[in-house]
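Q: Could you take one part of this structure and look at it closely, for someone who has not met it before?

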Amino acid sequence: MSDLTDGREPPLEASPFDLRVDLGKAVPEVDVRAALKSGDIGFLHSFTTGSAVDGPGIRLVAWTTSCMFRCQFCHNPDTWILSNGIPVTLERAIEELRKYVNGLKVMGGGFTLSGGEPLMQNRFAVRLFEGAKRMGAHTAIETNGVYGDRLTDQELATIDLVILDMKGFTPEQHKRVTGADNMKVLEFGRRLAELKRPMWLRYVLVPGLTDVPDEMKKVAAFAASLGVVERAEVLPFHQMGRFKWEKLGLDYRMAKTEPPSQDMVAGAVEIFRSAGLQAY
Ligand code: SF4
């Protein structure tokens, strides 16, 4: 399939903190549906090289667009909408990875698919991971887990590491933070445990929203019970995405929220450690 952008798109390589909108808007709806079904084309916010925080070693990260959650603290709300992303053929995405794959291997890293929610484009994700594995790259996905059930066990085996973002444990808290239920998130975590797939856990610490000790204790206990979580990361909330909410005309309820203090972060990390996890 030809590249639908005819080479007129902005550069693929960019910071996830760049605001990107409407880059795939010209793609007809019928082609979008076909792309989602086949995975021939993905919609990407950007590629970032040299990340040291999105999996082990140094990573090439592809940021997808589209997400089913509306987290109050989201720092990339421009990735919520599929058509904000650049339409990129699978071949081109694999070529992009090929440019870096040897260097990534030398640096003990690999390829990470993040978003947005990458499994909103699960066919593209699977085919990209298959391509990455053919090149011998370490593969990771950062996901909220809701659409984990759209991958077969065999497809999951092409992902070396699942970094599961958990936003809360009780359905009430999860809904408050993301606008959605978390039953399928927990189901996906349990399935990964049954399959003995390596996992990392991520928890964004937002003062006044997710800094609820009881919620953190429950998330930590759940993660520890899975027996496959190699690492838990507490990510301090920051305001780097604030301008995106403003530019997009969205109601940003975190406008007055300060990043957590070092003591707050240390306290949260301690909760995860107390559950028996390697937490940072
Ligand atoms: S799951 Fe991630 S991309 Fe989606 S709204 Fe939440 S923080 Fe943003």
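A: What follows is a close look at strand E4 and the sheet around it. The model is a predicted one, in which local features need pLDDT of at least 70, side-chain atom pairs count only at pLDDT 80 or more, and totals for chains, interfaces and linings use all residues. Residues are numbered from 1 along each chain as its sequence is written.

Strands (E, at least two residues) and helices (H or I, at least four) are DSSP runs, numbered from the N terminus. Strand E4 covers residues 110–114, and because five of its five residues are buried, the strand is largely enclosed by the rest of the structure; here a residue is buried if 20 or more other C-beta atoms, placed from the backbone, lie within 10 Å of its own.

Two strands pair if DSSP finds at least two bridges between them. Strand E2 (residues 59–64) pairs with E4 in the parallel sense over five bridges, and there Arg-59 stands opposite Gly-110 of E4. Strand E5 (residues 138–143) also pairs with E4 in the parallel sense, over four bridges, with Thr-112 opposite Ala-140 of E5. From E4 the chain crosses through helix H3 (residues 122–134) to E5 in a right-handed β-α-β crossover, meaning that, with the strands pointing away from the viewer, the path from the first strand over the helix to the second runs clockwise.

These strands belong to an open sheet of eight, with mixed pairing, in the order E3-E1-E2-E4-E5-E6-E7-E8. Strands E3 (86–89) and E8 (229–236) stand at the edges with a single partner strand each, so one side of each has no neighbour in the sheet.

Key. Buried ≥ 20, exposed ≤ 12 C-beta atoms within 10 Å, placed from the backbone.
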